[in-house]
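Please study the sequence and the model shown here before reading on. The explanation then proceeds step by step through open spaces, an enclosed space and a pair of helices.

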Amino acid sequence: MNPFPHRRRVLAATAAAVLCAAAGAANAQAPAYPAKPVTFVVPFAAGSATDQLARALGQAVSTDARQPVVVENKAGASGMIAAQSVAKAPADGYTVLITTNTTHAANEHLYKKLPYDPVKDFAPVTGLGKGGQVLVVNAGAPYKNVGDLLAAARKNPGKLSFGSGSSSSRMAGEMLKQLAGVDILHVPYKSNPLAITDLLGGQIDLMITDTSTGVPQVKAGKLRALGYSTQTRSTQLPEVPTLDEAGVKGYDMGYWFAAYVPAGTPAPVVARLNALLAQATRSQAAQSFFETAGSEAWTTTPEELARFQAAETQKWGRVIKAAGIEAE
């Protein structure tokens with residue numbers, strides 16, 4: 001029989017109180033995420049597909065998390081400026097890169113030295129969406145179909161030009177050159193909307209751009225769509241044949257969006273952000289974007305995104321090598 005039952009009860013109660021106080025202190029030191037505004041960094045200019053998606057997602061995340069979401073555009077250098085800035089940001093979940101295969105699959109094959117490591121410098125959060133691209137020319141151009149365009153390119157090697165404001169857009173043009181056997185001059189831009197501006201002004205002859213950038217101009221009658229980049233026609237432009245259907249056999253080039261945070265971001269924060277973004281892709285604003293862009297929502301676990309990114313990096317490497325593009 002314990003001679004000091006009262007003392008044991010007192011000690012137990014004291015220990016429980018200490019644990020509760022410690023837990024309370026820990027919770028006070030680590031408030032639930034997010035506890036302040038979150039910044040979505042976009043590697044491309046305002047108006048680009050990535051920017052439009054980031055703003056739609058930011059609106060939903062802000063509503064669900066009850067914290068402001070700021071979208072910051074850091075265009076230029078094929079997304080490297082934005083990627084580097086996020087890689088160097090505090091690993092606390094408050095700086096999120098909303099990006100594409102440009103920064104996280106293609107760039108390492110296009111540039112000899114990157115200012116960031118697409119694997120080591122980031123923690124994958126989730127995939128966000130997938131889509132295709134559309135081959136467009138000025139509405140006043142003489143090309144009525146892909147055959148007309150390729151015939152002109154073959155007749156005048158190196159005279160026609162295509163613009164691109166992302167690696168996806170550039171590689172789509174390079175694949176066209178490779179599979180069709182034509183020589184078309186590449187003109188780089190900081191973003192696809194800037195290339196579209198020059199296409200409308202007649203400074204370049206064509207481009208293959210994301211549908212959210214190109215389709216509005218097509219429907220406004222300012223650009224003419226000649227072909228779609230994936231093996232399935234766009235729901236936005238069902239009358240436009242795929243490039244494969246139009247005679248460029250084997251053509252298939254899509255793009256994807258995904259979210260990343262700096263490496264070392266705590267797993268619970270990544271998990272919370274994953275849940276917020278997955279929910280955001282189902283929001284009315286995001287669904288409206290996907291519908292308008294002719295793309296679709298695509299979410300993953302962080303581990304699934306890491307595996308997908310690795311496979312895509314290998315794929316883009318093969319395409320770039322086959323196109324004969326040397327790293328800059």
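The paragraphs below treat the pockets, then the cavity, and then a contact between helices.

The model considered here is predicted. A suitable starting point is the largest pocket, which has a volume of about 390 Å³. Its lining consists of 21 residues, and those nearest the centre of this pocket are Lys130, Gly131, Gly132, Thr230 and Glu296. Which elements each supply at least two residues of this lining? They are the strands β4 (122-131) and β10 (255-262), together with the helix α11 (302-322). The greatest contribution comes from α11, which provides three residues. In terms of residue class, the lining of the largest pocket contains ten polar, six charged and five nonpolar residues.

The second largest pocket holds about 180 Å³ of space. It is lined by 14 residues, and Ser78, Tyr111, His186, Pro188 and Tyr189 are the ones that lie nearest its centre. Two or more residues of this lining come from each of α6 (167-180) and β7 (185-188). The lining of the second largest pocket comprises six polar, five nonpolar and three charged residues.

Attention may now turn from pockets to cavities. A pocket is open, whereas a cavity is a space in which a probe fits but from which the probe cannot get out. How many cavities of 30 Å³ or more does the structure hold? There is one, and about 140 Å³ of space lies within the largest cavity. Of the 15 residues that line this cavity, Thr50, Thr100, Ser166, Asn192 and Asp210 are closest to its centre. The elements α2, α7 (192-201) and β10 give two or more residues to its lining. Strand β10 therefore appears in a second lining, since it also supplies at least two residues to that of the largest pocket. The lining of the cavity divides into nine polar, five nonpolar and one charged residue.

Helix α2 leads to the last topic, the packing of two helices. The axes of α2 (residues 49-65) and α10 (residues 284-293) come within 7 Å and cross at roughly 160°. Angles over 145 degrees count as roughly antiparallel, which means that α2 is roughly antiparallel to α10. The crossing of these two helices is left-handed. On the side of α2, the contact is made by Ala49, Gln52, Leu53, Ala56, Leu57 and Gln59. On the side of α10, Ala285, Ala286, Phe289 and Phe290 take part. Are the residues of this contact mainly nonpolar or polar? Eight are nonpolar and two are polar, while none is charged.

Terms used
Residues numbered from 1 in each chain as written. Predicted model: local features only at pLDDT ≥ 70, side-chain atom pairs only at ≥ 80, totals over all residues. Heavy atoms only, no water. 1 Å grid on protein atoms, 1.4 Å probe; cavity = no way out; pocket = protein on both sides within 12 Å on 5 of 7 lines; lining within 4 Å. Points joined across faces, edges and corners; volume = space filled by probe spheres on them. Helix = DSSP H or I, 4+ residues; strand = E, 2+ residues; numbered from the N terminus. Nonpolar A, V, L, I, M, F, W, Y, C, P; charged D, E, K, R; others polar. Axes fitted to C-alpha atoms, helices over the stretch in contact; angles between N-to-C directions. Parallel < 35°, antiparallel > 145°, perpendicular 65-115°, else oblique. Left-handed = near helix turned anticlockwise from the far one by under 90°. Contact = heavy atoms within 4.5 Å.
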